[in-house]
Amino acid sequence: MRFRTFAIPVIIVALAIGAWSAIWSWGAGRAEDAIQRWLTAEAANGRVITCGERSSGGYPFRMEITCVKPTVELRDEARPYQTYRFERLKVVSQIWSPGHVISEWTGPMTVVTEGDPSVTRATWRLAQASAQLAIGGYDSSSVVIDDLEVVRDGAVLVKTPRAEFHTRPNRGDPVSVDVVAKFNAASFGLRPMAPVDAEIQFVARKLLRNASRPQPLPLRQWVAAGGAVELVLLRLVQGQALAVAKGNVRLTPDGRPDGEIELRAVNLEQVLQATGVTANLGPLAAGAITMASRPTEVEGRNGRLFTLRATDGRLQIGPLRIGLPALLP
């Protein structure tokens with residue numbers, strides 16, 4: 001009797017562990033199959049993703065996949081191939097929340113373009129991405145990168161202590177995507193200047209192939225589908241200078257920008273001086289600003305309003321007209 005009293009709970013626990021192990025193994029197999037299908041679909045669309053070595057784990061309460069030396073090749077017949085190389089990628093999903101997927105990227109990342117000897121290299125302290133998946137599509141995704149630095153052939157292109165990117169399907173049009181990006185104290189380009197706090201919010205219209213997968217259309221297909229960018233907010237702060245913009249932009253069939261953006265700026269002269277434009281134009285800079293804008297208020301401060309219109313391959317700012325290049329290959 002005592003043996004039975006002791007044995008029954010042990011047997012129940014053993015059966016529960018065995019059943020849970022079977023469920024976990026089944027789930028791991030399903031996840032592996034899903035990954036293989038996804039890799040095949042990506043390769044068919046010109047994005048070839050490979051791992052030098054791949055392993056799975058996380059038992060008993062999560063699914064964990066680790067990819068060592070991952071490589072992403074972008075193969076597009078209309079432009080030179082690009083190759084992205086990373087050191088390591090780890091993807092984790094909790095058993096009780098399978099729709100929430102978290103990934104962590106280990107750098108550095110190197111980017112090479114076919115026929116171009118230059119190499120772009122990115123480093124960071126922490127890079128994490130998360131996606132909230134839903135039945136029939138995805139609900140949202142986020143990327144956060146700390147201490148990001150992008151260098152091309154030894155020259156720093158971007159440096160920021162924190163960068164964030166957030167996306168979700170547009171509620172009114174599921175094949176369009178709402179995007180928010182933020183950069184804190186970022187510096188851009190080769191010329192020394194004060195750091196910039198930047199925030200951009202926009203809607204990429206008609207971007208996805210369909211509402212069930214977050215797979216963007218290639219640029220030409222996106223343009224043909226009526227793709228456009230609705231700029232909800234662009235806000236830049238550099239020292240005492242401030243710029244706020246909104247508007248709409250699309251590409252014409254020949255790849256030239258078309259649309260209108262309203263830009264409100266405070267202390268624009270400070271930015272022009274920092275970028276070297278004032279040095280090149282001299283006293284013409286102030287006159288050009290006055291001629292191309294009109295007075296306005298920007299977040300309670302006196303500023304200037306610029307209307308930027310792109311049409312027929314030209315950008316018009318007030319009376320000034322500037323030729324624009326085609327952006328499609």
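Arg162 is partly exposed in this predicted model, with a relative accessible area of 30%. Its side chain meets that of Glu164 in a salt bridge, with N and O 3.0 Å apart. Glu164 is buried, since its relative accessible area is 18% and the limit for buried is under 20%. The two partners of this salt bridge therefore fall into separate classes, Arg162 being partly exposed and Glu164 being buried.

The pair is part of a wider set of charges. Arg125, Asp146, Asp147, Arg162 and Glu164 are linked in a network of salt bridges. Within this network, the side chains of Asp147 and Arg125 form a salt bridge with a distance of 3.0 Å from N to O. Asp147 lies in strand E11, which covers residues 137-152, while Arg125 sits in the loop between strand E9 (116-123) and strand E10 (126-134), so this salt bridge ties together parts that are 22 residues apart in sequence. Asp147 is partly exposed, with a relative accessible area of 39%. Arg125 is exposed, at 57%.

Another salt bridge joins Arg250 and Asp258, whose closest N and O atoms are 3.6 Å apart. Arg250 has a relative accessible area of 39% and is partly exposed. In total, the structure holds 16 salt bridges.

The next kind of link is the disulfide. How many disulfides are there? The count comes to one. The sulfur atoms of Cys51 and Cys67 are 1.8 Å apart and form this link. The angle about the S-S bond is -120 degrees, and the link is left-handed. Cys51 belongs to the loop between strand E1 (47-50) and strand E2 (53-57), and Cys67 to strand E3 (residues 62-68), so the disulfide ties together parts that are 16 residues apart in sequence. Is Cys67 buried or exposed? Cys67 counts as buried, at 5% relative accessibility. Cys51 is partly exposed, with a relative accessible area of 30%.

From single links we turn to the chain as a whole. The protein chain has five helices and 23 strands. Of its 329 residues, 29% count as buried. The chain exposes about 19500 Å², and carbon and sulfur atoms supply 60% of that area. Contacts can also be sorted by the distance along the sequence that they span. Among contacts between residues at least 6 apart in sequence, 47% join residues at least 24 apart.

Buried nonpolar residues form cores. The largest nonpolar core has 16 residues, and those with the most contacts inside it are Met109, Ala122, Trp124 and Leu148. The elements that give two or more residues to this core are strand E8 (109-113), E11, strand E12 (155-169), strand E13 (177-188) and strand E14 (196-205). Which element gives the most to this core? E11 does, with three residues. E11 is also the strand that holds Asp147 of the salt-bridge network. For Ala122, the contacts beyond its neighbours within four places in sequence are with Pro108, Met109, Leu148, Glu149 and Val150.

Apart from the largest core lies another core, of ten residues, among them Val177, Ala204, Leu208 and Leu217. Val177 is placed in strand E13. At 4% relative accessibility, Val177 counts as buried. Leaving out residues up to four places away in sequence, Val177 touches Tyr138, Thr167, Arg168, Asn170, Phe202, Val203, Ala204, Leu207 and Leu208. Ala204 and Leu208, both in that list, are also among the residues of the ten-residue core. The C-alpha atoms of Val177 and Pro216 are separated by 9.6 Å, and these residues are 39 apart along the chain.

The last topic is confidence. The protein chain averages a pLDDT of 81, and 76% of the residues score at least 70. Which elements have the lowest and the highest mean pLDDT? Helix H4 (residues 277-281) has the lowest, at 46, and E14 the highest, at 94. E14 is one of the strands that give two or more residues to the largest core. Over residues 277-282, pLDDT stays under 50, and the model has five contacts beyond four places in sequence for this stretch.

Definitions and conventions
Residues are numbered from 1 along each chain as its sequence is written. This is a predicted model: local features need pLDDT of at least 70, side-chain atom pairs count only at pLDDT 80 or more; totals for chains, interfaces and linings use all residues. Side-chain values use heavy atoms; hydrogens and water are left out. A salt bridge is a side-chain nitrogen of Lys or Arg within 4 Å of a carboxyl oxygen of Asp or Glu. Helices (H or I, at least four residues) and strands (E, at least two) are DSSP runs, numbered from the N terminus. Buried means under 20% relative accessible area, exposed over 50%, partly exposed in between (1.4 Å probe, protein chains only). A disulfide is a pair of cysteine sulfur atoms within 2.5 Å. Contact means heavy atoms within 4.5 Å. Accessible areas come from the Shrake-Rupley method with a 1.4 Å probe; for residues, only the protein chains shown count as cover. A nonpolar core is a set of buried Ala, Val, Leu, Ile, Met, Phe, Trp, Tyr and Cys residues joined through side-chain atoms within 4.5 Å. pLDDT is the predictor's confidence in each residue, from 0 to 100.
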